[in-house]
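Here are my notes for you on this one. Keep the 3D view open while you read and tick off each point as you find it.

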Amino acid sequence: MGKVTISTLGKMKTNGEKFVCITAYDATFARIISEAGAETILVGDSLGMVLQGHDSTIPVTIDDMAYHTECVCRGAPDSLVIADMPFMSYTSPEQTMANATALMQAGAQMVKMEGGTWLSESISMLVERGIPVCAHLGLTPQSVNQFGGFKVQGRTPKEAKSILADAVEIQDAGASLLVLECIPASLATDISSKLDIPVIGIGAGAGTDAQVLVMHDLLGLSEHTARFVENFMSGQDTIQGALKAFVDAVKAGDYPREEHTYT
Ligand code: KIV
């Protein structure tokens with residue numbers, strides 16, 4: 001496949017080809033995810049929950065993210081690696097620039113930040129200086145305390161309108177990708193068709209341009225999983241087989257299905 005870039009993903013959207021993202025936190029899993037055919041790898045701050053055992057992503061630091069980003073990039077040189085900016089690491093322009101630089105110097109090709117309109121200025125600043133940005137809307141886990149739990153977002157017309165407006169604004173600010181998490185499928189489909197940039201869904205139905213899952217969830221290792229998660233280990237003998245089954249299911253349009261979807 002060669003090195004995956006933003007242009008690869010843009011072309012896939014134009015051609016109606018689904019692409020796949022899986023989280024990884026170390027070199028070995030990054031390698032086998034890349035070998036399974038996933039185009040992108042997210043070094044998610046979900047590592048705070050699945051690696052460190054916290055009950056949210058809030059305790060994760062920029063040093064944690066830089067360390068795991070370096071590990072992942074060594075294992076998957078051909079994948080497009082996105083690294084999460086952790087909680088409170090992008091509150092001022094100076095802090096945002098310094099922390100995004102640390103993740104790019106650790107080897108990432110893009111940074112991800114949770115939020116909408118309020119991020120526009122930071123997105124433009126990073127993009128103008130050569131740092132591509134993936135935005136993240138809907139259920140943004142760093143705001144779990146504001147939401148009062150890990151709850152589906154965008155269910156009222158007012159919330160849906162606000163998520164759509166945020167999506168358009170972050171695209172206009174220069175974001176290259178957008179993650180939509182835990183929102184009704186109809187809203188995610190509408191946003192994906194209105195935006196030119198590729199949209200990656202998680203718990204957002206089948207109408208997005210790509211799907212992402214936390215690796216531990218799709219391997220059936222997590223204690224509690226949301227409705228949108230499928231255990232791809234079932235029927236497989238190996239982790240490699242399960243990762244490939246997820247990639248194939250997304251590309252064939254067999255995942256996510258109705259039972260994984262919020263209305
Ligand atoms: O941190 C993470 O793994 C994420 C995904 C759930 C999209 O942000």
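Where is cysteine 182 found? Look in the loop between β6 (177-181) and α9 (185-194); helices (H or I, at least four residues) and strands (E, at least two) are DSSP runs, numbered from the N terminus.

Before the points, some ground rules: this is a predicted model, where local features need pLDDT of at least 70, side-chain atom pairs count only at pLDDT 80 or more, and totals for chains, interfaces and linings use all residues. Residues are numbered from 1 along each chain as its sequence is written, and side-chain values use heavy atoms, with hydrogens and water left out.

1. Backbone angles. Cysteine 182 isn't a glycine, yet its phi is positive, at about 50°. Methionine 88 also has a positive phi, near 60°, and is a residue other than glycine. You'll find methionine 88 in the loop between β3 (80-84) and α5 (93-105).

2. A cis bond. Check the peptide bond joining tyrosine 255 and proline 256: it is cis, with omega about 0°. Proline 256 belongs to the segment after α11 (239-252).

3. Around the ligand. Residues near the ligand (a heavy atom within 4 Å of it) include Thr23, Leu42, Asp84, His136 and Val214. Sorted by class, this shell has three nonpolar, four polar and four charged residues. Don't be thrown by glycine: Gly counts as polar here.

4. Polar side chains at the ligand. Three side chains put a polar atom by a ligand oxygen: serine 46 at 2.6 Å, lysine 112 at 2.9 Å and aspartate 45 at 3.0 Å. On its own the ligand has 260 Å² of accessible area (Shrake-Rupley method, 1.4 Å probe), and the protein covers 95% of that.

5. Salt bridges. The structure holds ten of them, each a side-chain nitrogen of Lys or Arg within 4 Å of a carboxyl oxygen of Asp or Glu. One to look up links glutamate 35 and arginine 31, with 3.4 Å from N to O. Both residues lie in helix α2 (residues 27-35), four residues apart, about one turn of the helix. Why can such pairs form? Side chains of opposite charge can pair when their charged atoms come close.

Technical notes. Polar contact = N/O pair within 3.5 Å; in protein donor to acceptor, adjacent residues only side chain to side chain.
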